[in-house]
Protein chains: 2
Amino acid sequence: MPQSSEFDLIRDCFSTGYPAASDLLLGIGDDCSLITPPADMELAQSIDTQVAGVHFPADAPPGLIAGRALRCATSDLAAMGAVPQGFHLALTLNNSEDWFLRDLAAGLRLTANTLNMPLLGGDTTYGEHLTITVAVQGWLPRGLGLRRDAARPGQDIWLTGKVGGAALILDEVLRDPTRDDQYTAPYYHPRVHLSFGHLLLSLATAAIDISDGLIQDTRHIANASGVVMNLDAEKIPTAVSGEHPRWHECLTGGDDYQLLFTAPADARERIEACALTARLRECQIVGEVTAGDADVCVHKNNELLVFSKEGYTHFRN
Amino acid sequence: MPQSSEFDLIRDCFSTGYPAASDLLLGIGDDCSLITPPADMELAQSIDTQVAGVHFPADAPPGLIAGRALRCATSDLAAMGAVPQGFHLALTLNNSEDWFLRDLAAGLRLTANTLNMPLLGGDTTYGEHLTITVAVQGWLPRGLGLRRDAARPGQDIWLTGKVGGAALILDEVLRDPTRDDQYTAPYYHPRVHLSFGHLLLSLATAAIDISDGLIQDTRHIANASGVVMNLDAEKIPTAVSGEHPRWHECLTGGDDYQLLFTAPADARERIEACALTARLRECQIVGEVTAGDADVCVHKNNELLVFSKEGYTHFRN
């Protein structure tokens with residue numbers, strides 16, 4: 001258990017410097033936090049845990065890890081099109097030294113301010129492995145949330161940007177977890193498409209954030225919507241070119257947190273305008289939805305690619 | 001990582017058999033859960049983590065532990081007087097065997113049904129130590145939540161029942177974590193005072209649930225309200241009598257989840273009526289609030305007891 005000075009430090013680290021929540025009535029320090037929901041809105045919520053040695057290198061700087069955990073969790077709000085309201089934090093610490101707590105809180109605060117996510121409440125416990133659980137929430141206009149079950153045949157499949165950057169840099173992150181530059185940014189600081197996700201309400205039908213790999217996550221939409229998701233590999237922006245020996249990992253690796261979404265063809269111009277507004281460089285159509293048993297089909301140069309868990313094999317069509 | 005059959009098992013374990021939520025629009029299986037807040041209510045939320053080997057014996061039956069974790073977290077809603085809406089679950093599993101998952105889910109489901117807490121969503125990860133994070137939420141009529149900062153001089157201090165049962169049985173729980181009977185019930189199945197907490201709205205002023213020890217938690221109200229909390233030890237119902245060598249542990253040990261609350265004297269009759277309605281056996285006045293620098297004073301036979309971290313010493317007044 002921490003000494004009382006550590007309790008003070010924890011309180012200092014997590015009580016100030018976060019964005020203010022206009023709807024927060026009672027924050028950290030009581031049995032519960034209290035907020036006032038706005039009228040006629042739905043509450044979108046998600047919870048996400050990251051464990052040292054499983055989801056991130058145990059010796060990574062705690063501030064980078066805390067910021068990344070908040071980004072990964074908040075991405076689920078982006079995938080629904082929700083406007084962020086705030087988050088609760090459950091932290092299991094294996095280290096309560098000053099520098100560790102201060103670094104962790106600094107990274108969390110920086111990210112919370114970038115994403116405009118107020119810290120509403122939390123729980124700090126001790127354990128052998130650093131474990132960060134983030135429970136995020138946001139508001140959605142009634143009935144407009146971007147669900148996984150709304151893709152329909154004939155619709156376009158869109159992707160917000162490059163995939164594979166995080167997966168391909170993972171070896172380097174494991175080798176040097178302190179490296180924090182443009183190359184490790186896709187891993188430590190994945191872009192969270194909050195404003196674009198919100199702009200997509202009424203334009204997109206289904207949406208998901210790519211956290212476990214493009215193919216696997218696209219399959220969630222295929223299954224929930226009961227459609228075939230046809231992806232054109234040549235149109236998918238990847239961290240390395242199609243000839244690169246690790247190209248296929250861009251389609252099966254996760255952690256990029258791009259949004260994949262479906263939309264009717266008559267929404268194309270408005271989606272492109274929204275992409276400009278949200279300053280997306282590479283938002284583009286990467287396939288189309290067709291009728292049939294739920295499946296994902298990836299084509300490259302008229303070949304159907306088949307991805308197995310271990311990698312991928314392909315058959316001529 | 002689990003095999004796909006384990007994913008199926010996890011889905012089976014956590015998708016059915018929980019109470020239904022009338023306001024749930026979208027549950028497990030999308031990026032977020034979606035609920036519709038009722039008009040003119042505040043949302044009360046709390047998050048709570050329990051780690052194997054820290055908060056519970058690592059070899060305890062997972063169903064007992066999961067049920068206990070949900071009770072402990074939900075107790076924070078009771079302490080605010082909130083009506084439960086549901087919970088999100090973040091589970092870090094060190095064991096994905098069939099029996100383990102089924103036992104864990106059975107215990108969780110049983111408790112969720114007892115407390116009427118729908119499971120709204122979750123995240124399952126793997127790690128070396130079983131870690132259970134429960135994020136609970138409920139609704140409160142605007143402005144009526146029982147906060148810690150509302151105790152005022154002249155008010156009574158009430159306690160919902162016996163303290164010390166959980167602390168005194170802990171040695172036995174550690175010796176035989178599978179023991180699940182009337183003696184270990186205060187530890188594994190602490191009563192959550194949801195209906196009584198809700199009845200206290202408009203009657204009580206401040207409230208807290210006793211999770212870390214009667215004295216320490218009472219001090220939270222003293223500090224938040226800026227008052228002296230005077231407790232009369234002879235009026236506090238304890239698991240063992242005042243002559244017992246471990247009696248003081250009843251006042252400093254935690255885990256009983258009784259509610260301690262303050263209320264004006266003119267609310268006494270109505271509080272007693274509410275206690276009858278909620279079938280509380282021992283709800284009683286255990287002290288009074290006075291003006292002064294924030295403090296907790298415990299008297300026994302006209303002596304002022306002083307509790308240190310290690311135990312207690314007493315001085316004649």
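Which residue of β2(B) is the bridge partner of A44(A)? The partner is L34(B), and this pairing is a good place to start a walk through the model. The model is a predicted one, in which local features need pLDDT of at least 70, side-chain atom pairs count only at pLDDT 80 or more, and totals for chains, interfaces and linings use all residues. Residues are numbered from 1 along each chain as its sequence is written, chains are lettered from A and ligands numbered from 1 in the order in which they are written, and side-chain values use heavy atoms, with hydrogens and water left out.

Let us stay with those two strands for a moment. Strand β3 of chain A covers residues 41-51, and three bridges join it to β2(B), the two running antiparallel. Strands are DSSP runs of E with at least two residues, helices are runs of H or I with at least four, and both are numbered from the N terminus. Two strands count as paired if DSSP finds at least two bridges between them.

Now step back to see the whole contact between the chains. On chain B, 54 residues touch 54 residues of chain A, where contact means heavy atoms within 4.5 Å. The size of an interface is often given as the accessible area lost when the parts come together. Here about 4100 Å² is buried between chain B and chain A, and carbon and sulfur atoms give 55% of it; this is the accessible area (1.4 Å probe) that the two parts lose on being put together, summed over both. On the chain B side, D31(B), Q45(B) and I47(B) lose the most area to chain A, together 18% of what that side buries.

What holds charged and polar groups against each other here? The rule finds four salt bridges across the interface of chain B and chain A, each being a side-chain nitrogen of Lys or Arg within 4 Å of a carboxyl oxygen of Asp or Glu. R148(A) forms a salt bridge with D30(B), with 3.7 Å between the closest N and O atoms. There are also 16 residue pairs in polar contact across the interface, both residues at pLDDT 80 or more. A polar contact is a pair of N or O atoms within 3.5 Å; within protein, one must be able to donate a hydrogen and the other to accept it, and residues adjacent in sequence count only if both atoms are side-chain atoms.

Among the elements that give two or more residues to this side of chain B are β2 (33-35), β3 (41-51) and α2 (62-80). β3(B) gives the most, with ten residues.

Turning to chain A by itself, you will find nine helices and 14 strands. Its radius of gyration is 20 Å, close to the 20 Å that the globule rule gives for 317 residues, so chain A is as compact as a globular protein of that length. The radius is taken over C-alpha atoms, and the rule is 2.2 Å times the number of residues to the power 0.38.

Several strands of chain A can be followed from neighbour to neighbour. β7(A) (residues 156-159) pairs with β11(A) (residues 284-290) in the antiparallel sense over four bridges, and D156(A) has E288(A) as its bridge partner. Four bridges also join β11(A) to β9(A), again antiparallel, with V228(A) opposite T290(A). β9(A) (residues 228-232) in turn pairs with β12(A) (residues 295-300) in the parallel sense over five bridges, where D232(A) stands opposite H299(A). Finally, three bridges join β12(A) to the antiparallel β13(A) (residues 303-307). In their hairpin, which has two residues between the strands, N301(A) takes a positive phi near 50 degrees.
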